[in-house]
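Me: Please show me the protein model that we are to discuss. I should then like to ask some questions about it.

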Amino acid sequence: MGARMRALDWSTTPLGSAQDWPASLRTAVSLMLNSLYPMFIAWGPELTLLYNDAYRSVLGARDRRALGRPLSEVWSDVWFEVRGMIERALAGEATFREDLHLVIERHGYPEDSWWTFSYSPVLDERGDVSGMFCALSETTRQVQNERRLTFQIELADRLRGADSPDAVKREAARMLGEALHLGMVGFADASLQNGEIWFEIDPDWGDGSMAPAGGRFRLSDFGPAAEELSAGRDLRIDDVAHDPRVAEYRAAFAGLGAGAVVAVPLLHGGVLRAGVSALTAGPRRWSDFDLLLMRDVVERTWPEVERARAEADARRLAAVFEQSSNFIATSAADGAGVRLNAAGLAMVGLPPDTDTSRMSFGDFLAPLERTRIETEIAPALRETGQWTGEAEFRRFDGPGTVPVACRAFTLRDGEGATVGFATVSRDVTEERRQAQALRDSEARYRELADAMPQVVWTADPDGRVDYYNRRREEYAGFTLKRDGYYDWEPVVHPDDHDLTVEAWTRAVTTGEPYECEHRIQRAGGDYAWHVSRGVPARDAAGRIVKWYGTATDIDFVKRMEQARELLIREVDHRAKNVLAVAQSIVKLTRADDIAAYVASVSGRIGALARAHTLLAREGWSGGGVRAVVDDELRALAKPGQYTVSGPDVTLDPGAVQALGMIVHELATNAVKYGALSRTGGCVRLTWARTAGGGLALDWTETGGPSVAAPERPGFGSTLLNELAARQLGGRLDLHWRPEGLAARLELPPALLRRGAPEEEGEAPIEGPARAGPGKPRRGTVLLVEDNALIGLDAHAVLTAAGLDVIGPVADVATALQVIAHRPLDAAFLDVDLHGRTSFEIADALSARGVPFTFSTGFGRIDADSGHAGRPVLRKPVSDEALLGAYDAMVESWVI
């Protein structure tokens, strides 16, 4: 320092050239420079600074410019604190201060420091005070050590009084925050999850300058600097905004509201377990003392936290021990010295004040149970540290035992050594009684359920079926899955599956009762209609705990309903057909006078009625040939005038009426003109199966007047041919022999099989408008009708209106040929053609753009036919309705 002083041009300072300095100053400087103790001299009115080498460390960075400058400029930041003492020294009074606290900046940042020093006046040759001499020493370390020791003592005292882990942490955080003037202090617990360290911070204390910032955080979100904590190194960030180590992680720190952060970790066994963090809202230079004090806090606090936790656990365990309704006991490592709670004493019939310290666990077991200690319980405790099972405790106040569910476990110290045993046992007497009652109830329920004719089932609150009664064996596909629930969906008919699933899902979701009609597959593979119902059972809170349901076989009822509906429709159909045929008979019959007309109409309608009586008697399943011909001949001929013979043959229901009408026409002709018109005449009717499987009927008249073929065919002959060829699809040959008429009727095999008309579906649309009188018409019409009389009637009406009529056609094949080869303007289609629908004909007409109208006795067209929207005429059909339907078709087609 002497070299620096000699090198300085003092002439530029208030002291002037060193050669001119007074001897007093030179002497003082010489003494100062030769001292190893920090000293300085402030001389002259400006208090120009001179100092020795030991004082340079006090100046720090100020040393570069301090020599020869006024003292007030060099120490401007603390001038206010020392000015008064300096002025007193310059006034001739020596001053002394011990451990004066000053915040000074020696290394580029403010820091706390403590000093012991004295200011002494220096006299010049005249005896006047010309300067001041200072000898000083820094006591920062001593002061901080004393503060640290005091803090540790006070912290220990305060923490011992805390009765919970949270109270320990709050008190330690408060003391640390106030001692270091922090913004916020928080303790953190660390844990390892999925290979990453997470920590949970509690904002245990704050000075109000920052918003509480607690929560659960991942350590890696704060960057590599924070991850140093896991290695046991402190985290120290003086300025979050400018520290390059956290440049990419400032958002995480900003979420805490931190301008500066310091954290001290606590490791156990090399693993990060806990720590303490301190934050300030703005930047702060963290000192070594700050870190030392924080580490003191961590190391002192965490054992207290563990102590408080252990005490809290002990209090809870003691409360559980005394307040539990279970048998709770502990013992020493040798099984003796049992301590038993009050509930345990009561459970085994011992008085509340019984001393059990001289008893062992085996003393509480029933005699037959005690061998289990060595054979079962002790080995399990040695191998796994615990044993769970059921046992029987003895009663000390009388005979009998107490069944218990018991759990025994080993008590160990921190080193893993066995220090005792404990057991918790629960009296299961009532549970066993309830369990047995439940088993008895379930057995009765299952017996009742198995006796019921329905399928009985139960399901859990989520709708999973967990039980079926034995009726499930009568069905295919109720499969028990691995999860213990049944798969019922494969049993439901595919066409009913979605409807069933939707209904069940809606019930489970809403809690409303379930009901659904569907088909279920029986064990034999066939499907039967069932109605399934289910209702929920709820607990006291209204929550569904179980579903109970049944599936009842309603297949017979369903089929009866379908049969009844079919019968009603069939009766309606046949009645309308009968009326239509009767209407045609009335309109087509010709006679010379009223009496003859009435007789002809009555006879034909009588024949029709007899045929229907026969069909009704046979349940509309058909009619025997013998019954048909016998009924007709008996109505017109006298006994002995006819004979019938042939095998028993049953005709299709559709053929009975036509055959009856044919026999009626032949018999009527015989009564009027043939063998039955005179005494001695006879009719012989025989029938036999043909080689092709059909039926041939032979009508032979004898003993009557000579007959000849009529010059022109009348209505009777036309009707015979239409009935035979059109309606029956057969052939009728008439031979007018002089000795009497011989006729042969051949019927196809199809008429000898039983059949039934098919469904004809949707309700008809409104009938066509009535035709205007005398309206001229042109066009070609296809008439498809298998009933001869109805066909002849419709043919006559359409022909009289000026239309060219093709038909009546009585079968599908012929109609399709007509459509393929003849241009048509319209068509009338009877829906039922000998048990076959005319929808194929309708398809062909639609493909060629030919309008058509259905006629039927059912009054409905099947929606699946593709023609549900077509016009429909209900039988019997009036002339006006028939012609009106034609007009509507032609007008619609033209449009």
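Reply: The questions and answers below concern sheets, helices, rings and a single serine.

Reply: The model is predicted, so to speak of local features pLDDT of at least 70 is needed, side-chain atom pairs count only at pLDDT 80 or more, and totals for chains, interfaces and linings use all residues. Residues are numbered from 1 along each chain as its sequence is written, and side-chain values use heavy atoms, with hydrogens and water left out.

Me: Which strands are at the edges of the open sheet of 5 strands?
Reply: Strands (E, at least two residues) and helices (H or I, at least four) are DSSP runs, numbered from the N terminus, and two strands pair if DSSP finds at least two bridges between them. The order in this sheet is S25-S27-S28-S30-S29, with mixed pairing. An edge strand pairs on one side only, and the edge strands are S25 (642-645) and S29 (731-737).

Me: What is the bridge partner of Arg689 in S28?
Reply: Strand S27 (residues 682-689) runs antiparallel to strand S28 (residues 695-702), and 8 bridges join them. In S28, the partner of Arg689 is Leu695.

Me: What angle does the direction of helix H19 make with that of S28?
Reply: Contact means heavy atoms within 4.5 Å. Axes are lines fitted to C-alpha atoms, for helices over the stretch in contact, and angles between N-to-C directions run from 0 to 180 degrees. Helix H19 (residues 653-673) packs on the sheet and touches S27, S28, S29 and strand S30 (740-747). Its direction and that of S28 make an angle of about 10 degrees.

Me: Why is the pair of Phe222 and Phe253 called stacked, tilted or edge-to-face?
Reply: Rings of Phe, Tyr and Trp (its six-membered ring) pair if their centres lie within 6.5 Å; planes under 30 degrees apart count as stacked, over 60 as edge-to-face and the rest as tilted. The rings of Phe199 and Phe217 have centres 5.8 Å apart and planes at 35 degrees, so that pair is tilted. For Phe222 and Phe253 the centres are 5.1 Å apart and the planes stand at 80 degrees, so this pair is edge-to-face.

Me: Is Phe253 buried or exposed?
Reply: Buried means under 20% relative accessible area, exposed over 50% and partly exposed in between (1.4 Å probe, protein chains only). Phe222 has 6% relative accessibility and counts as buried. With a relative accessible area of 2%, Phe253 is buried.

Me: With which side chain does the side chain of Ser130 make a polar contact?
Reply: Ser130 is found in strand S5 (residues 129-138), and its relative accessible area of 18% makes it buried. A polar contact is a pair of N or O atoms within 3.5 Å; within protein, one must be able to donate a hydrogen and the other to accept it, and residues adjacent in sequence count only if both atoms are side-chain atoms. At 2.7 Å, the partner of the Ser130 side chain is that of Asp124.

Me: Which residue takes a positive phi in the hairpin of S10 and S11?
Reply: Strand S10 (residues 260-268) and S11 run antiparallel, joined by 9 bridges. In strand S11 (residues 271-280), 8 of its 10 residues are buried. The hairpin has 2 residues between the strands, and the residue with a positive phi near 60 degrees is Gly269.
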